[in-house]
Amino acid sequence: MQSKGAVKFFAVAMAIVCLYQLSFTFVTKHWENKAKDHAKGNPVLEKAYLDSISTVPIYNILVKNYTYRECKENEINLGLDLKGGMNVTMEVSLVDLIRAMANYSTDPTFNKAIDNALKAQSNSQKDFVTLFGEEFTRLDPNAKLAAIFATKELQDKVSYNSNNTDVMKVIKTEADAAFDRTYQILKTRIDKFGVAQPNVQKIGSGRILVELPGIKEPDRVRKLLQGTAKLEFWETFDNKDIYPMLEEANKTLKLIGGMDSVEGVKPDTAGANLLASKNDTIKEVAVPGDTAKKNSLMQQISKTEKADTAKTDTSKAPKTQEQLMKENPLFAVLIPAIQQNEKNQQELRKGPVIGSVNVKDTGKVNRIFNMDQIRAKFPKEFKPLWSVKPIDKEGKYVQLIAIKMPARDRVAPLDGSAVTDARKMKGQFTDNWEISMSMNAEGARIWKRITHDNVNHSIAVVLDDYVYSYPNVIQEISGGNTSITGSFSLQEAEDLANILKVGKLPAPARIVEDTVVGPTLGQEAINAGFLSFVIALILVLLFMISYYGNAGWVADLALFANVFFIMGVLASLGAVLTLPGIAGIVLTIGMSVDANILIFERVREELSLGKGVRLAVSDGFKHAYSSIIDSNVTTLLLGIILYTFGTGPIQGFATTLIIGILSSLFCAIFISRLIFEWALGKNKVLTFWNKYTQGAFKNIHINFVEKRKAYYIFSSVIILAGVVAFSMKGLNFGVDFQGGRTYVVRFEKPVTTVEVIDALKSPFTKSPEVKTFGSGNQVKITTSYLIDDQSPDAEQKVVEKLNTGLKVLNAKYDVLSSQKVGPTIADDIKASAVWAILFSCALMFLYIFVRFRKWQYGLGAVVALFHDVLVVLSFYTIFNGILPFSLEIDQAFIAAILTVMGYSMTDTVVVFDRIREFVGVHHHAKDQRKVINDALNATLSRTINTSLTIFFVLLAIFIFGGEVIRGFTFALLIGIVIGTYSSICIATPIVVDFAKKEKV
């Protein structure tokens, strides 16, 4: 063995580095166990203990001391599926950025191009800016973008003489800069959130991945991430000035069809009732429940109605709800505010609040105010905005505030760019938290002018188009200090202060994919993954020893070294270890013995020829190198494709697979060789068989080539059955591919899927899909309800509907995990999956063609790959709904398919390599088919042993690995069997049939 010293040095160096990196994990676990013992089950005390040692040195390696925080940063980073947390994919919305750059132009071509680009984006891989440019040119080839984007803000970059290409370059540059700034701002927000080991990274196509382990408040995170922090200070209209216009709008809405002219839900009719009780006349309006001294809205309405009823002729028939809604359609949803004066008379309330609305009717009110006929009744400067929080304890009603916006540019006189600092503090006259802000000199000057001009009027403090407060100005304010008041909790005030301090996002970022894993499911995943890992390891160790004698011990030592190196490299790179990642490691364990099996089988052949052990080992390694390198390179290429096209869990799987392949090569070729040479140098007895396995697979003469038509028919029957099943049932696409939300729910007692569906029919507009997920008390619920709703509270609305339905079952339950995939990202995932498979096939064809120098080999390999994919798909389609576990087509399935392709290619390359060797030795033989058959029979021992090893490893994962990856493992189980079959019975016959006129 050459360069033995270099191999030893590298192995020792690797061992030291891996031991160093893994030591941090052991240290942190030690101190975390001490914290648990100290806290005795109290999570608050446990966190306090760990916080107390976060900056204290706890680990001394002589050259440096490490604090707990530093050790935590260097430990193995567990994925969300293993320790719980939140995984969010955010998409930066460039629509608002482009509109802002154009000063919200009303140009019809511009706005139509944006609308068309939004529609095209759902079915295109191009970025939004490119789509916008294409649509603008298509709508009007002669239109000039400069006429729209030659604004004051862009005067140094765009002039009226700029051509469309130059303007598009400016837009693209600004969009890229906005994306980078958004990424940096989100990263800073997360850092201030105080999460251990957060992961924020760009993933292309205007998207940002955020991983937050251990998060227990997902709603808080969603608000933190999606808030643009667009802070604005607006002047306001007074209620008494707007109310007459509301009456006119009410009459207009009645004339054009009333409530029927506005699409929406059945409204709250409290406002209409109130107007009817006053004989359709009212002098004053206010917001019920606005102060603690006032009674609730419904109490006021009830008192008013009772008083009027007493004064009214009781013989007169009361008006129906429908009549009230027809007579006062606007006030059926917008409750005009009322307040009572000292004389117990109702009068218009002073201030900018023009009414209150039931939360469920806010969408309807927005549509009413957006109607051209209604907008015409109000000044161009009028803009109604909602209060950020409900005004009643039940959370049913929000206020509508009349904002005064300049009609020309709709730009606030003062915005968040003037804020230099923001901090939370207790209110001066209340016990509530508020946010105190300081402004720069320019901001202080503008603030002084605004407050001077609005003495005895209100100024609205607006954040992300929601009104947080509207204080009444008593006197001019100088110095540039102000505050945002409201019923904020400590966390809300802290988050809001951090957001304002960091700054606003240059472009809004919305969540397009959202996964939450509870700590319970995470711990169960760790337990299941560890159990499957141990069982798989034991199976492999026992098989190698029992089949290959004491040479099996060498393979086992190399296997232990392999696992140690994989874990050490993962820790060194800071890679995230996920449940699919554990599956990748376990699969690597199975595949790593393949190299040893190849070597051992070649050594056995050399021993059978009468060679001595030392020479047989040397020749065995030499003859096995070609097959080992080829098979591992093909799998490595597929691992790289997986990593490139995959996201999240698939990347985790690909990472461990790539590291595992490289480590396996090093351990099998070099570590094993070193051990053998050491043993031979010590004159140790080496055996590669025992009395039961010495003659295994000898004297086997199966005529594979002659039976190839039978194999073609067998495969065709399975694929045809899959086509029939597909035509009847279709494929069971997961939310990854079709968009939607899924929730894994565990009940305290067994429930049927029919019971859950019936319970959820009423809350959801469409019955969700419900499947048993593992045990009988656990279900997976999939729904597309509100999946297109981009509002920040959409997720909360869905969860409320889910809880409303599940409570009907009268059983305690826990939502273990949730996932949201938007339609746009679902299309991208599908496209990536297709490209990954096609690119893999093309790459494999090229590699085989280069290595074997005949296109027939490449064709046979690619046909075998397509065959394997179709057969696995057929099994998934045929058994979907029959087997007691989920067979969804999702990202994990694509990872399984690509892994199967990798294994199949490995097997095929080994078979082709042996065929090439036999044909080279017997190139003068007339019967080439006999030579090929002999080559295939010679590989049976290696092929079957490797397949059985991996099969039993996967079986251990399938049985003990948990419900989350059961469908994934099922695909691998089928794929390993089919891949072994196709390498001998499909790939080789294809080569034979297409090389009939020339030698193979």
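**Reading a predicted chain, feature by feature**

Modeller: Let us begin with one residue: Ile719 belongs to helix H24, which spans residues 708–729. Helices here are DSSP runs of H or I with at least four residues, strands are runs of E with at least two, and both are numbered from the N terminus.

Biologist: What kind of model is this, and how are its residues numbered?

Modeller: This is a predicted model, in which local features need pLDDT of at least 70 and side-chain atom pairs count only at pLDDT 80 or more, while totals for chains, interfaces and linings use all residues. Residues are numbered from 1 along each chain as its sequence is written, and side-chain values use heavy atoms, with hydrogens and water left out.

Biologist: Which residues does Ile719 touch, not counting residues up to four places away in sequence?

Modeller: A contact means heavy atoms within 4.5 Å. By that rule, and leaving aside residues up to four places away in sequence, Ile719 touches Leu870, Val871 and Ser874. The C-alpha atoms of Ile719 and Val872 are 9.0 Å apart, although 153 residues separate the two in sequence.

Biologist: How many helices and strands are there in the protein chain?

Modeller: The protein chain has 32 helices and 25 strands. Of its 1000 residues, 53% count as buried, that is, under 20% relative accessible area, where exposed means over 50% and partly exposed lies in between (1.4 Å probe, protein chains only). Among contacts between residues at least 6 apart in sequence, 75% join residues at least 24 apart.

Biologist: How should I read a pair of packed helices, and at what angle do H30 and H32 pack?

Modeller: Two packed helices are described by the angle between their axes and the distance between the axes. Helix H30 (residues 891–921) packs against helix H32 (residues 966–994) at an angle of about 35°, and their axes are 8 Å apart. Each axis is a line fitted to C-alpha atoms over the stretch in contact, and angles run from 0 to 180 degrees between N-to-C directions. The crossing of H30 over H32 is right-handed; this means that the near helix is turned clockwise from the far one by less than a right angle, and anticlockwise would be left-handed. The residues of this contact comprise 16 nonpolar, nine polar and one charged. Nonpolar covers Ala, Val, Leu, Ile, Met, Phe, Trp, Tyr, Cys and Pro, charged covers Asp, Glu, Lys and Arg, and the others, Gly among them, are polar.

Biologist: Where is the kink in H22 centred?

Modeller: The general idea is that an α-helix has 3.6 residues a turn, so residues three or four places apart point the same way. Helix H22 (residues 613–645) has 33 residues and reaches 46 Å from its first C-alpha to its last, close to the 48 Å expected. The expected span is 1.5 Å times one less than the number of residues. A kink of about 40° in H22 is centred on Ala624; the bend is the angle between axes fitted to the seven residues ending there and the seven starting there.

Biologist: Which residue in the loop between S1 and strand S2 should I look at?

Modeller: Most residues other than glycine have a negative phi, and most peptide bonds are trans. Leu62, in the loop between S1 and strand S2 (65–67), has a positive phi of about 75° although it is not a glycine. Leu62 is exposed, with a relative accessible area of 81%. Tyr104 also is not a glycine, and its phi is positive at about 55°. Tyr104 sits in the loop between helix H5 (94–101) and helix H6 (108–121) and counts as partly exposed at 48% relative accessibility.

Biologist: Is Ile53 buried or exposed?

Modeller: Ile53 counts as buried because its relative accessibility is 9%. Ile53 is in the loop between helix H2 (43–52) and strand S1 (57–60). Beyond residues up to four places away in sequence, Ile53 touches Trp31 and Tyr68. The C-alpha atoms of Ile53 and Trp31 are separated by 9.2 Å, with the two residues 22 apart along the chain.

Biologist: Where is His457 placed?

Modeller: His457 is in the loop between helix H17 (441–453) and strand S17 (459–463), and at 40% relative accessibility it counts as partly exposed. Not counting residues up to four places away in sequence, His457 touches Pro471, Asn472 and Val473. His457 and Thr236 are 221 residues apart in sequence and 7.6 Å apart in space, C-alpha to C-alpha.
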